[in-house]
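Let's take a walk through this one together. Have the viewer open and rotate along as you read.

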Amino acid sequence: MHLQEIGFFLTDIYHLFKKNEIKKNISQQFNLFSLFDYERNENIHSDFIAELLKPNGMHGQGSIFLNLFMQHCIPILSNKSANNYQTASVNREYYLGKINLKKVFGGQVDIRVQCQNQIIYIENKIDAEAQNLQLERYLAACDDVNHVVVLLTLNKDSEAKYLAGKHELKNAVNKGQLVTITYQHHIISWLEYCKKEMADTNGI
(Lines give C-alpha, C1' and ligand atoms only; values in the text may rest on other atoms or scores of the structure.)
Protein backbone atom coordinates (compact mmCIF):
# COMPACT_ATOMS: atom_id res chain seq x y z
CA MET A 1 0.00 0.00 0.00
CA HIS A 2 1.39 3.41 -0.98
CA LEU A 3 0.58 6.47 1.08
CA GLN A 4 0.26 8.33 -2.22
CA GLU A 5 -3.21 6.71 -2.41
CA ILE A 6 -4.24 8.73 0.63
CA GLY A 7 -3.06 11.86 -1.12
CA PHE A 8 -5.47 11.14 -3.97
CA PHE A 9 -8.36 10.92 -1.50
CA LEU A 10 -7.24 14.13 0.18
CA THR A 11 -7.29 15.86 -3.18
CA ASP A 12 -10.86 14.70 -3.81
CA ILE A 13 -12.02 15.75 -0.32
CA TYR A 14 -10.28 19.11 -0.67
CA HIS A 15 -12.15 19.83 -3.90
CA LEU A 16 -15.44 18.91 -2.18
CA PHE A 17 -14.60 21.35 0.60
CA LYS A 18 -13.90 24.09 -1.94
CA LYS A 19 -17.18 23.48 -3.78
CA ASN A 20 -19.09 23.57 -0.50
CA GLU A 21 -17.36 26.62 1.03
CA ILE A 22 -20.08 29.12 0.15
CA LYS A 23 -22.85 26.96 1.63
CA LYS A 24 -21.09 26.14 4.89
CA ASN A 25 -18.82 29.19 5.26
CA ILE A 26 -15.74 27.00 5.70
CA SER A 27 -12.65 28.90 6.77
CA GLN A 28 -10.43 30.07 3.93
CA GLN A 29 -7.45 29.08 6.05
CA PHE A 30 -8.34 25.38 5.99
CA ASN A 31 -6.08 23.68 3.46
CA LEU A 32 -5.60 19.92 3.61
CA PHE A 33 -2.40 20.19 1.59
CA SER A 34 -0.80 22.27 4.36
CA LEU A 35 -1.58 19.41 6.76
CA PHE A 36 -0.19 16.72 4.47
CA ASP A 37 3.12 18.05 3.14
CA TYR A 38 5.18 14.91 3.62
CA GLU A 39 4.06 11.46 2.60
CA ARG A 40 5.65 9.53 5.46
CA ASN A 41 5.60 12.15 8.21
CA GLU A 42 3.67 10.77 11.19
CA ASN A 43 2.98 14.21 12.63
CA ILE A 44 1.42 15.43 9.38
CA HIS A 45 -0.76 12.31 9.20
CA SER A 46 -1.80 12.70 12.83
CA ASP A 47 -2.61 16.40 12.27
CA PHE A 48 -4.81 15.49 9.33
CA ILE A 49 -6.62 12.64 11.09
CA ALA A 50 -7.20 14.70 14.25
CA GLU A 51 -8.57 17.62 12.24
CA LEU A 52 -11.10 15.41 10.46
CA LEU A 53 -12.13 13.82 13.77
CA LYS A 54 -12.89 17.17 15.44
CA PRO A 55 -16.64 17.92 15.42
CA ASN A 56 -15.72 21.61 15.54
CA GLY A 57 -12.97 21.24 12.94
CA MET A 58 -12.44 23.74 10.17
CA HIS A 59 -13.94 21.24 7.72
CA GLY A 60 -17.39 22.45 8.84
CA GLN A 61 -18.99 19.00 8.74
CA GLY A 62 -19.70 18.52 12.45
CA SER A 63 -19.28 14.99 13.82
CA ILE A 64 -19.86 13.18 10.49
CA PHE A 65 -16.23 12.13 10.05
CA LEU A 66 -15.84 11.04 13.68
CA ASN A 67 -19.02 8.97 13.47
CA LEU A 68 -17.74 7.27 10.34
CA PHE A 69 -14.37 6.63 11.98
CA MET A 70 -16.02 4.97 14.97
CA GLN A 71 -18.35 2.87 12.81
CA HIS A 72 -15.78 1.64 10.33
CA CYS A 73 -12.48 1.69 12.24
CA ILE A 74 -13.48 0.92 15.85
CA PRO A 75 -16.86 -0.85 15.69
CA ILE A 76 -16.04 -2.82 18.85
CA LEU A 77 -16.28 0.45 20.81
CA SER A 78 -18.87 2.19 18.68
CA ASN A 79 -21.36 -0.62 19.31
CA LYS A 80 -21.02 -0.39 23.10
CA SER A 81 -22.83 2.91 23.45
CA ALA A 82 -24.84 5.48 21.54
CA ASN A 83 -22.71 8.54 22.22
CA ASN A 84 -23.48 11.84 20.59
CA TYR A 85 -20.08 12.51 19.03
CA GLN A 86 -21.01 16.13 18.35
CA THR A 87 -19.78 16.85 21.90
CA ALA A 88 -16.46 15.01 21.51
CA SER A 89 -13.12 16.67 22.15
CA VAL A 90 -10.02 15.77 20.13
CA ASN A 91 -6.48 16.58 21.25
CA ARG A 92 -3.08 16.19 19.61
CA GLU A 93 0.02 15.14 21.57
CA TYR A 94 -1.98 14.54 24.73
CA TYR A 95 0.23 14.41 27.82
CA LEU A 96 -0.37 11.46 30.13
CA GLY A 97 2.34 12.34 32.63
CA LYS A 98 6.06 11.93 33.08
CA ILE A 99 7.29 8.59 31.77
CA ASN A 100 7.95 6.07 34.52
CA LEU A 101 9.16 2.75 33.13
CA LYS A 102 9.17 1.04 36.52
CA LYS A 103 5.49 1.73 37.09
CA VAL A 104 4.76 1.63 33.35
CA PHE A 105 3.10 5.02 33.21
CA GLY A 106 3.14 8.30 31.28
CA GLY A 107 4.03 9.57 27.86
CA GLN A 108 2.46 11.63 25.13
CA VAL A 109 -0.13 9.96 22.90
CA ASP A 110 -0.60 11.13 19.31
CA ILE A 111 -4.38 11.67 19.39
CA ARG A 112 -6.87 11.59 22.24
CA VAL A 113 -10.63 11.47 21.57
CA GLN A 114 -13.09 11.87 24.44
CA CYS A 115 -16.86 11.78 24.31
CA GLN A 116 -18.89 11.32 27.47
CA ASN A 117 -17.58 8.08 29.02
CA GLN A 118 -15.40 7.06 26.08
CA ILE A 119 -11.71 7.84 25.77
CA ILE A 120 -9.65 6.67 22.81
CA TYR A 121 -5.87 6.99 22.55
CA ILE A 122 -4.62 6.70 18.97
CA GLU A 123 -0.94 5.93 18.42
CA ASN A 124 0.12 6.48 14.82
CA LYS A 125 3.11 4.44 13.62
CA ILE A 126 4.40 4.70 10.05
CA ASP A 127 8.17 4.24 10.11
CA ALA A 128 9.18 4.97 13.71
CA GLU A 129 9.90 2.20 16.18
CA ALA A 130 7.75 1.93 19.29
CA GLN A 131 9.28 3.54 22.37
CA ASN A 132 10.11 1.39 25.37
CA LEU A 133 6.83 0.06 26.83
CA GLN A 134 4.98 2.76 24.90
CA LEU A 135 1.73 0.94 24.23
CA GLU A 136 1.84 -0.67 27.65
CA ARG A 137 2.05 2.81 29.23
CA TYR A 138 -0.94 3.99 27.24
CA LEU A 139 -2.90 0.91 28.23
CA ALA A 140 -2.14 1.65 31.88
CA ALA A 141 -3.98 4.96 31.46
CA CYS A 142 -7.16 3.13 30.41
CA ASP A 143 -9.02 2.57 33.67
CA ASP A 144 -12.31 1.09 32.43
CA VAL A 145 -13.85 -0.85 29.55
CA ASN A 146 -14.76 2.31 27.62
CA HIS A 147 -11.11 3.37 27.36
CA VAL A 148 -9.08 1.85 24.55
CA VAL A 149 -5.75 2.28 22.82
CA VAL A 150 -5.76 2.22 19.03
CA LEU A 151 -2.55 1.27 17.20
CA LEU A 152 -2.53 2.63 13.65
CA THR A 153 0.07 1.14 11.30
CA LEU A 154 0.62 0.98 7.55
CA ASN A 155 -0.53 -2.61 7.05
CA LYS A 156 -0.81 -5.99 8.74
CA ASP A 157 2.92 -6.65 8.31
CA SER A 158 3.76 -3.44 10.18
CA GLU A 159 1.21 -4.30 12.85
CA ALA A 160 2.78 -7.73 13.36
CA LYS A 161 6.19 -6.10 13.78
CA TYR A 162 4.97 -3.88 16.62
CA LEU A 163 3.23 -6.76 18.41
CA ALA A 164 5.96 -9.37 17.88
CA GLY A 165 6.91 -11.03 21.15
CA LYS A 166 4.62 -8.76 23.17
CA HIS A 167 2.30 -11.23 24.91
CA GLU A 168 0.77 -8.52 27.10
CA LEU A 169 -0.17 -6.50 24.03
CA LYS A 170 -1.62 -9.52 22.27
CA ASN A 171 -3.71 -10.26 25.36
CA ALA A 172 -4.90 -6.65 25.33
CA VAL A 173 -5.97 -7.12 21.69
CA ASN A 174 -7.92 -10.25 22.63
CA LYS A 175 -9.64 -8.38 25.47
CA GLY A 176 -10.55 -5.41 23.26
CA GLN A 177 -8.32 -3.02 25.23
CA LEU A 178 -5.97 -2.55 22.29
CA VAL A 179 -7.48 -2.15 18.82
CA THR A 180 -5.28 -2.44 15.74
CA ILE A 181 -6.13 -0.64 12.51
CA THR A 182 -4.17 0.04 9.32
CA TYR A 183 -3.90 2.72 6.68
CA GLN A 184 -4.18 0.03 4.01
CA HIS A 185 -7.57 -1.23 5.14
CA HIS A 186 -9.21 1.15 7.61
CA ILE A 187 -8.00 4.68 6.84
CA ILE A 188 -8.36 4.40 3.06
CA SER A 189 -11.87 2.99 3.54
CA TRP A 190 -12.75 5.70 6.09
CA LEU A 191 -11.65 8.46 3.71
CA GLU A 192 -13.81 6.94 0.98
CA TYR A 193 -16.83 7.05 3.30
CA CYS A 194 -16.01 10.65 4.26
CA LYS A 195 -15.81 11.69 0.63
CA LYS A 196 -19.08 9.95 -0.23
CA GLU A 197 -20.87 11.39 2.81
CA MET A 198 -19.84 14.91 1.90
CA ALA A 199 -21.00 14.49 -1.68
CA ASP A 200 -24.34 12.97 -0.62
CA THR A 201 -25.02 15.44 2.18
CA ASN A 202 -24.21 18.55 0.19
CA GLY A 203 -25.55 17.43 -3.17
CA ILE A 204 -22.19 17.77 -4.87
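Which strands does helix 7 lie across? Before trusting any answer, keep in mind that this is a predicted model. Helix 7, made of residues 156-163, lies across strand 4 and strand 5. Its direction makes an angle of about 145° with strand 5.

Let's stay with that helix for a bit. Ser 158, Glu 159, Tyr 162 and Leu 163 are the buried residues of helix 7. Look down the helix axis and you'll find these buried residues within an arc of 130°, so they line one face of the helix. And what sits over them? The cover for the buried residues of helix 7 includes strand 4, strand 5 and helix 8, which spans 167-175.

The ends of helix 7 are worth a zoom too. At the N-terminal end, Asn 155 acts as the cap, with a side-chain oxygen 3.2 Å from the backbone nitrogen of Asp 157. After the helix comes Gly 165, and the phi of Gly 165 is positive, near 75°.

Now pull back to the sheet. As background, strands of a sheet pair through backbone hydrogen bonds, either parallel or antiparallel. Here 5 strands make up an open sheet, ordered 1-2-3-4-5, and the pairing is mixed. Strand 1 (89-100) and strand 5 (178-182) are the edge strands, each of them pairing on one side only. Going from one strand to the next, the twist averages 30°.

At the strand 1 edge, the neighbour to look at is strand 2, residues 105-115. Strand 1 and strand 2 run antiparallel and are joined by 8 bridges. To pick out one pairing, Arg 92 has Ile 111 in strand 2 as its bridge partner. In the loop between strand 1 and strand 2 you'll find Lys 103. Is Lys 103 buried or exposed? Lys 103 is exposed, with a relative accessible area of 68%. Try measuring from there to Arg 137: the two residues are 34 apart in sequence, and their C-alpha atoms are 8.7 Å apart in space.

Helix 7 has company in lying across the sheet's strands. Helix 3 (residues 42-53) lies across strand 1, strand 2, strand 3 (118-124) and strand 4 (147-153), and it runs at about 130° to strand 1. Ser 46 lies in helix 3, and with a relative accessible area of 1% this serine is buried. What does Ser 46 touch, leaving aside residues up to four places away in sequence? The list is Arg 92, Asp 110, Ile 111 and Asn 124. So two names from the strand 1 and strand 2 pairing turn up again, Arg 92 and Ile 111. With Asn 124, there is a polar contact between the two side chains, at 3.1 Å from Ser 46.

One last stop: the cysteines. How many disulfides does a search of the whole structure find? The count is 0. For Cys 73, the nearest cysteine sulfur belongs to Cys 194, 8.6 Å away, and Cys 73 is in no disulfide. Cys 194 is likewise in no disulfide, its nearest cysteine sulfur being that of Cys 73. A disulfide would need the two sulfur atoms within 2.5 Å. As for their surroundings, Cys 73 is buried at a relative accessible area of 3%, and Cys 194 is buried at 0%.

Terms used
Residues numbered from 1 in each chain as written. Predicted model: local features only at pLDDT ≥ 70, side-chain atom pairs only at ≥ 80, totals over all residues. Heavy atoms only, no water. Pairing = 2+ DSSP bridges. Helix = DSSP H or I, 4+ residues; strand = E, 2+ residues; numbered from the N terminus. Axes fitted to C-alpha atoms, helices over the stretch in contact; angles between N-to-C directions. Contact = heavy atoms within 4.5 Å. Buried < 20%, exposed > 50% of the residue type's maximum accessible area, 1.4 Å probe, protein only. Arc of directions from axis to C-beta. Polar contact = N/O pair within 3.5 Å; in protein donor to acceptor, adjacent residues only side chain to side chain.
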